[in-house]
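Student: I'd like a close look at one residue and then at the pockets. Please walk me through them.

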Amino acid sequence: MFGGINQMFNRMCDHPDLGKLLLRLTFGGLLLFHGAFKVVHGVGWIAHMLAVKGMPGFIAYGAYIGEIAAPVMVIIGFLTRPAAFIIAVNMIVATLLVKMGAVWHRTDVGAWALETEALYLLGALAIMFLGAGKYTLVRDARLQ
């Protein structure tokens, strides 16, 4: 019985390229909200945190690349793997800067305090390893 149910789902849901598209659209779209916040409010607060840690403030402008340019590239399927790598690096830097002290903490509902950061980091790595798939706005496979 369970084998039959599993085979039915395998036939109905065996669309890896559609899954890649859904992952790219969801991941990139949600990350754009973070980028939009930085467009509206600027990155001065990030530059200040960097300065406190002895790092140059201009690095804060990398948030625009990691949270606007790279997600758009992931969404449209343009240089998807390098863009996903940039997002992963961006998430590592953001986590080290803002939430490093929360590694062993939990939220009020029992979730890991770094759950969102981990989801974005691992999602970026998954996209980097999976690639864009066939549903992209870029037809040249060398640029996907």
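**T136 and the pockets**

Tutor: T136 counts as buried, with a relative accessibility of 6% (buried is under 20%, exposed over 50%, partly exposed in between; 1.4 Å probe, protein chains only). Keep in mind that this is a predicted model, where local features need pLDDT of at least 70 and side-chain atom pairs pLDDT 80 or more, while totals for chains, interfaces and linings use all residues. Numbering starts from 1 along each chain as its sequence is written, and side-chain values use heavy atoms, without hydrogens or water.

T136 sits in the segment after α6 (115-130); helices are DSSP runs of H or I, at least four residues, and strands are E runs of at least two, numbered from the N terminus. Its side chain reaches the backbone oxygen of V138 at 2.6 Å. Beyond neighbours within four places in sequence, T136 is in contact (heavy atoms within 4.5 Å) with R24, I76, G77 and Q144.

Now the pockets: open sets of points on a 1 Å grid that fit a 1.4 Å probe, with protein on both sides within 12 Å along at least five of seven lines; lining residues have an atom within 4 Å of a point. The largest has a volume of about 520 Å³, the space filled by probe spheres set on the points. It has 26 lining residues, with K38, E67, N90, A94 and T95 nearest its centre. α5 gives the largest share of that lining, nine residues.

The second largest pocket comes to about 170 Å³. L23, T26, F27, L30, T116, L119, Y120 and G123 line it, and α2 and α6 each supply at least two of those residues.

Key: A polar contact is a pair of N or O atoms within 3.5 Å; within protein, one must be able to donate a hydrogen and the other to accept it, and residues adjacent in sequence count only if both atoms are side-chain atoms.
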